[in-house]
Amino acid sequence: TLFPALIRDWRTQFGQDFGFYFVQLANFLPRNTQPEDTPWAQLREAQTLALQVPKTGMATAIDIGEADDIHPRNKWDVGKRLALNALA
């Protein structure tokens, strides 16, 4: 609920219906061997649901994250994915 509201508010504040592109939370923390519902997974799902807002795009980073660093070191691929969203 909050993320789509943020997008709408920023568009209102800037007076433009601009494209909004974001990076889904990357893989972080040690991998679990058994499936489980975690707050991290719920945040990723909330980000995916924000794609229902018009003119949004999401670059996934789950495949390039590091277990010991919340920010993927591979900025090149993250940037490329965002650029492809913008170009589409």
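This is a short guided tour of the structure above, stop by stop, with a selection to make at each one.

**Before you start**

You are looking at a predicted model, in which local features need pLDDT of at least 70, side-chain atom pairs count only at pLDDT 80 or more, and totals for chains, interfaces and linings use all residues. Residues are numbered from 1 along each chain as its sequence is written, and side-chain values use heavy atoms, with hydrogens and water left out.

**Stop 1: the whole chain**

Show the cartoon first. The chain has 3 helices and 2 strands, and from the N terminus on they follow the order α-β-α-β-α. Here helices (H or I, at least four residues) and strands (E, at least two) are DSSP runs, numbered from the N terminus. The C-alpha trace spans about 45 × 30 × 20 Å along its principal axes.

Now colour by accessibility. Of the 88 residues in the chain, 23% are buried; buried means under 20% relative accessible area, exposed over 50%, and partly exposed in between, with a 1.4 Å probe and protein chains only. If you like contact maps, 58% of the contacts with a separation of 6 or more come from residues 24 or more positions apart, where contact means heavy atoms within 4.5 Å.

**Stop 2: a salt-bridge network**

Select Arg11, Asp17 and Lys55, which are linked in a network of salt bridges. A salt bridge is a side-chain nitrogen of Lys or Arg within 4 Å of a carboxyl oxygen of Asp or Glu, and the structure holds 3 of them.

Begin with Asp17 and Arg11, whose side chains meet at 3.5 Å, N to O. Is Arg11 buried or exposed? Arg11 counts as buried, at 9% relative accessibility, while Asp17 counts as partly exposed at 47%.

Next, draw the distance between Lys55 and Asp17: their salt bridge is 3.9 Å, N to O. This pair links distant parts of the chain, 38 residues apart, with Lys55 in the loop between H2 and strand E2 (56–59) and Asp17 in the loop between H1 and strand E1 (20–23). Lys55 is partly exposed, with a relative accessible area of 47%.

**Stop 3: Thr56**

Step along to Thr56, in strand E2. Thr56 is buried, because its relative accessible area is 17%. Which backbone oxygen lies 2.8 Å from a polar atom of the side chain of Thr56? That one belongs to Val53. The backbone oxygen of Leu51 lies 3.5 Å from a polar atom of the same side chain, that of Thr56.

Expand the selection to see what surrounds this residue. Leaving aside its neighbours within four places in sequence, Thr56 is in contact with Ile7, Arg11, Phe20, Tyr21, Phe22, Ala50 and Leu51. Arg11 is also part of the network from the previous stop.

**Stop 4: Arg81 and Asp63**

Pick Arg81 and Asp63, whose side chains meet in a salt bridge (2.9 Å, N to O). Arg81 sits in helix H3 (residues 75–87) and Asp63 in the loop between E2 and H3, 18 residues apart. Arg81 is partly exposed, with a relative accessible area of 24%, whereas Asp63 is exposed at 52%.

**Stop 5: Asp68**

Stay in the loop between E2 and H3 and select Asp68. Its relative accessible area is 62%, so Asp68 counts as exposed. Beyond its neighbours within four places in sequence, Asp68 is in contact with Phe28 and Arg73. Measure to Pro30 as well: the C-alpha atoms of Asp68 and Pro30 are 7.8 Å apart, with their positions 38 residues apart along the chain.

**Stop 6: the largest pocket**

Switch on a surface and select Phe28, Pro30, Asn32, Thr38 and Arg44, which lie nearest the centre of the largest pocket among its 13 lining residues. A pocket is found on a 1 Å grid over the protein atoms alone: points where a 1.4 Å probe fits form an open set with protein on both sides within 12 Å along at least five of seven lines, and lining residues have an atom within 4 Å of a point. How much space lies in the largest pocket? About 310 Å³, a volume being the space filled by probe spheres set on the points. The lining divides into 6 nonpolar, 4 polar and 3 charged residues.

**Stop 7: the second largest pocket**

Finish with the second largest pocket, with a volume of about 180 Å³. Select its lining: Thr1, Leu2, Phe3, Pro4, Leu25, Leu43, Ala46, Gln47, Leu49 and Ala50. Helix H1 (2–14) and helix H2 (39–49) are the elements that give two or more residues to this lining, and H2 gives the most, with 4 residues. By type, the lining has 8 nonpolar, 2 polar and no charged residues.

Technical notes
Ala, Val, Leu, Ile, Met, Phe, Trp, Tyr, Cys and Pro count as nonpolar, Asp, Glu, Lys and Arg as charged, and the others, Gly among them, as polar. A polar contact is a pair of N or O atoms within 3.5 Å; within protein, one must be able to donate a hydrogen and the other to accept it, and residues adjacent in sequence count only if both atoms are side-chain atoms.
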